[in-house]
Amino acid sequence: MLKKVVLAALVLAALPMQGYAADGTVRLDAHMSALGGGLEIGPALTENFSARVGFNKFSFSYNDTSGGQTFNGNLNWSSISALVDWRPWGGVTHLTAGAIFNNNKIDASATATNSSTYTANGIDYTCAGGCGVGFSVGFNKVAPYLGIGWSGQPKKQGFSFSTDIGVLFQGSPQASVTASGSWTGAGGQTVADLMGDAQNQLNSDLSNFKYYPVVSIGIGYTF
């Protein structure tokens with residue numbers, strides 16, 4: 001059912017822009033959201049429908065050294081949106097459906113110069129020194145989006161605020177794990193076993209994060 005809703009939204013976005021040709025209205029919007037900062041632009045298609053495409057970008061890095069261990073983390077949010085708004089009652093309230101082309105990613109690593117222990121899937125792995133563990137988490141590249149929002153009326157030119165609240169159906173995040181050094185498990189496991197155990201545990205821990213809530217606040221101008 002969800003795929004049908006998104007497909008219908010994308011088909012509507014591809015319809016001839018008769019409303020835009022008649023009214024000459026198009027909205028440019030700058031916003032901040034849970035997907036990052038971004039811009040959107042789109043025309044009014046009819047009295048009740050409008051389309052918009054945009055991009056979102058946010059990045060954050062964390063680095064720390066403590067107790068002989070070095071931690072590095074990078075969060076890179078990058079996405080492109082293709083959405084259709086439906087105003088069933090006219091006015092400023094709209095229901096939204098579409099797709100997010102999702103390139104969001106998390107990378108992190110930890111290295112230790114001294115003796116260290118890492119537990120994965122209940123198994124303790126030890127290393128005398130110079131060992132590291134890193135992981136990368138990604139998401140489905142195309143994710144459906146459904147939401148509700150409030151923005152300026154399509155035919156009313158000038159500045160107006162916009163707000164959107166929705167859900168990104170990103171699927172279960174997928175993790176990959178790397179490890180370096182002479183890790184040894186209590187039962188004779190090797191570094192290859194560590195990577196497999198750590199990846200299975202991380203994917204299990206992340207399996208419930210299929211839905212990503214998105215709140216957006218912005219200001220736009222309708223030409």
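**Exercise 1. Is Phe159 buried or exposed in this predicted model?**

Solution. Start with the number: Phe159 has a relative accessibility of 65%. The cut-off for exposed is over 50%. So Phe159 counts as exposed.

Now try its ring partner, Tyr221. At 30% relative accessibility, Tyr221 counts as partly exposed.

**Exercise 2. Work out what kind of aromatic pair Phe159 and Tyr221 form, and which parts of the chain the pair ties together.**

Solution. Step one is to know what to look for: a pair of aromatic rings is described by the distance of the centres and the angle of the planes. Step two, put in the values. The ring centres of Phe159 and Tyr221 are 4.7 Å apart, and the planes sit at 65°. Planes over 60 degrees apart count as edge-to-face, so that's the label for this pair.

Step three, find the two residues in the chain. Phe159 belongs to strand S11 (residues 158-169), and Tyr221 to strand S14 (residues 211-222). The pair therefore ties together parts that are 62 residues apart in sequence.

**Exercise 3. Do the same for Phe169 and Tyr211.**

Solution. Here the rings are 5.6 Å centre to centre with 85° between the planes, which is edge-to-face. Phe169 is in strand S11 and Tyr211 in strand S14, 42 residues apart, and the pair links these distant parts of the chain.

Next, check the surface. Phe169 has 23% relative accessibility and counts as partly exposed, while Tyr211 is exposed, with a relative accessible area of 53%.

To round off the rings: a search of the whole structure turns up 7 aromatic pairs. Ring pairs also join Trp77, Phe139 and Tyr212 into a cluster.

**Exercise 4. Describe how strands S7 and S8 pair, and find the sheet they sit in.**

Solution. Begin with the two strands. S7 covers residues 116-120 and S8 covers residues 123-127; they pair in the antiparallel sense over 5 bridges. Follow a couple of partners: Ser116 has Cys127 as its bridge partner in S8, and Thr117 stands opposite Thr126.

Next, look at the turn. S7 and S8 form a hairpin with 2 residues between them, and Asn121 in that turn has a positive phi of about 55°.

Then widen the view. The open sheet has 3 strands in the order S7-S8-S13, paired antiparallel. S7 and S13 (184-185) are its edge strands, each pairing on one side only. Finally, helix H3 (residues 191-206) lies across S7 and S8, at about 50° to S7.

**Exercise 5. Which residues make up the largest nonpolar core, and which elements give two or more of them?**

Solution. List the members: Ala120, Tyr125, Cys127, Cys131, Val133, Val177, Trp183, Leu194 and Ala198, 9 residues in all. S8, strand S9 (131-138) and H3 each give two or more. Another core lies apart from this one and has 7 residues, among them Leu35, Ala143, Tyr145 and Val214.

Zoom in on one core member, Cys131. Leaving out residues up to four places away in sequence, Cys131 touches Ala110, Thr111, Ala112, Ser180, Gly181, Ser182 and Trp183.

**Exercise 6. Which residues is Phe60 in contact with, once neighbours within four places in sequence are set aside?**

Solution. First place the residue: Phe60 is in strand S3 (residues 49-66). The contacts that remain are Gly73, Asn74 and Leu75. Take Gly73: it is 13 residues from Phe60 along the chain, and their C-alpha atoms are separated by 8.2 Å.

Conventions
Residues numbered from 1 in each chain as written. Predicted model: local features only at pLDDT ≥ 70, side-chain atom pairs only at ≥ 80, totals over all residues. Heavy atoms only, no water. Pairing = 2+ DSSP bridges. Helix = DSSP H or I, 4+ residues; strand = E, 2+ residues; numbered from the N terminus. Contact = heavy atoms within 4.5 Å. Axes fitted to C-alpha atoms, helices over the stretch in contact; angles between N-to-C directions. Core = buried A, V, L, I, M, F, W, Y, C linked by side-chain atoms within 4.5 Å. Buried < 20%, exposed > 50% of the residue type's maximum accessible area, 1.4 Å probe, protein only. Phe/Tyr/Trp six-rings, centres within 6.5 Å; stacked < 30°, edge-to-face > 60°.
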